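Let's take a walk through this protein together, one helix contact at a time. Have a look at the model first, then read on.

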Amino acid sequence: MTWIGDNLGLIWEQLREHLYLAIVPVILGLIISIPLGYVATRYSWLANPLIAFGGLLYSLPSIALFIVLPAILGTKVLSTLNIIVALTIYTVSLLIRNVIDGLRSVPPDVRQSAIAVGYGALHRLIAVDLPIAVPVIFTGLRVVTVANISMVSVGAVIGIGGLGELFTLGFQKDFLTPVVVGVVLSLALALLADLVLVTLQRALTPWARVARPVAEVV
């Protein structure tokens, strides 16, 4: 407890950096995945190759990607840009399948009704397709968010900042407290992020809460 009290500034700094490195790629990955998924559902021949390519990218070891990317980007291994690009690639590779599956889950009659009342492609995507696809997309979003939080911790092996730095500090000094603090905060961060996403999903799909009691009554 003495070590924790004396190092609150360090712990807060590492927690803030960890959150930044894990969440920014999720946001960027979602922004990239939605138009890619839309194009893949509009031109169905693209869907399977995109999903397969995403699976191939996600199978790459994270440490290897952290080390290889600087040669492509012209950055340093420990550059924030390098870490964000690497984790954004992982996010897109995992999320693209969920976006495609979510957009495919829109009933054809609903889509045809939207077209019949004059919805253009973009308006239909925003007002009809994406709201219906939210549950499927958020399933992938929850998985990739927790995975990113974990990968930032693992990145401590090559010196990436975040809570993994506490692991390194503890191992170097043969002192367990920083390691325990890092593990506990990583788990807490993952649970909090998942709770935020569940809450956001419920807020974006209010009809799901209405439909459930009606179904139970019937």
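Helix H6 and helix H7 cross in a right-handed way. In this predicted model, H6 covers residues 108-116 and H7 covers residues 121-154, and the two pack at an angle of about 165 degrees with their axes 11 Å apart. An angle over 145 degrees counts as roughly antiparallel, so H6 is roughly antiparallel to H7. Who does the touching here? On the H6 side you'll find Val-110, Arg-111, Ala-114 and Ile-115, and on the H7 side Arg-124, Val-128, Asp-129 and Ile-132. Sorted by class, the contact of H6 with H7 has 5 nonpolar residues, 3 charged ones and no polar ones.

Now hop over to another pair, H4 and H5. Helix H4 spans residues 62-73, helix H5 spans residues 80-104, and they pack at about 120 degrees with their axes 9 Å apart. H4 and H5 are therefore oblique to each other. H4 also passes H5 in a right-handed crossing. From H4, the contact takes in Ser-62, Leu-65, Phe-66, Leu-69, Pro-70 and Leu-73; from H5, it takes in Asn-82, Ile-83, Val-85, Ala-86, Leu-87, Ile-89 and Tyr-90. Check the classes and you get 11 nonpolar residues, 2 polar ones and no charged ones in the contact of H4 with H5.

One name from that contact, Tyr-90, turns up again when we look at aromatic rings. How many aromatic pairs does the structure hold? There is 1. The ring centres of Tyr-58 and Tyr-90 are 5.6 Å apart and the planes sit at 85 degrees; planes over 60 degrees apart count as edge-to-face, so that's what this pair is. The two tyrosines come from distant parts of the chain: Tyr-58 belongs to helix H3 (residues 47-58) and Tyr-90 to helix H5, 32 residues apart.

Are these two rings' residues buried or exposed? Tyr-90 has a relative accessibility of 2%, so it counts as buried. Tyr-58, at 31%, counts as partly exposed. Here they are beside two other residues from the model:

| Residue | Relative accessibility | Class |
|---|---|---|
| Tyr-58 | 31% | partly exposed |
| Tyr-90 | 2% | buried |
| Ser-59 | 53% | exposed |
| Val-180 | 42% | partly exposed |

Let's place those last two. Ser-59 sits in the loop between H3 and H4. Try finding Ser-93 as well: Ser-59 and Ser-93 are 34 residues apart in sequence, and their C-alpha atoms are 9.4 Å apart in space. Val-180 is part of helix H9, which runs over residues 176-204. Its C-alpha atom is separated by 15 Å from that of Leu-10, and those two residues are 170 apart along the chain.

Time to zoom out. What is the secondary structure made of? The protein has 10 helices and 0 strands, so reading from the N terminus you simply get α-α-α-α-α-α-α-α-α-α. The C-alpha atoms fill a box of roughly 65 × 50 × 25 Å along the principal axes. Of the 218 residues in the protein, 38% count as buried. And if you take the contacts between residues at least 6 apart in sequence, 72% of them join residues at least 24 apart.

Technical notes
Residues are numbered from 1 along each chain as its sequence is written. This is a predicted model: local features need pLDDT of at least 70, side-chain atom pairs count only at pLDDT 80 or more; totals for chains, interfaces and linings use all residues. Side-chain values use heavy atoms; hydrogens and water are left out. Axes are lines fitted to C-alpha atoms, for helices over the stretch in contact, and angles run from 0 to 180 degrees between N-to-C directions. Helices (H or I, at least four residues) and strands (E, at least two) are DSSP runs, numbered from the N terminus. Angles under 35 degrees count as roughly parallel, over 145 as roughly antiparallel, 65 to 115 as roughly perpendicular and the rest as oblique. A crossing is left-handed if the near helix is turned anticlockwise from the far one by less than a right angle, and right-handed if clockwise. Contact means heavy atoms within 4.5 Å. Ala, Val, Leu, Ile, Met, Phe, Trp, Tyr, Cys and Pro count as nonpolar, Asp, Glu, Lys and Arg as charged, and the others, Gly among them, as polar. Rings of Phe, Tyr and Trp (its six-membered ring) pair if their centres lie within 6.5 Å; planes under 30 degrees apart count as stacked, over 60 as edge-to-face and the rest as tilted. Buried means under 20% relative accessible area, exposed over 50%, partly exposed in between (1.4 Å probe, protein chains only).
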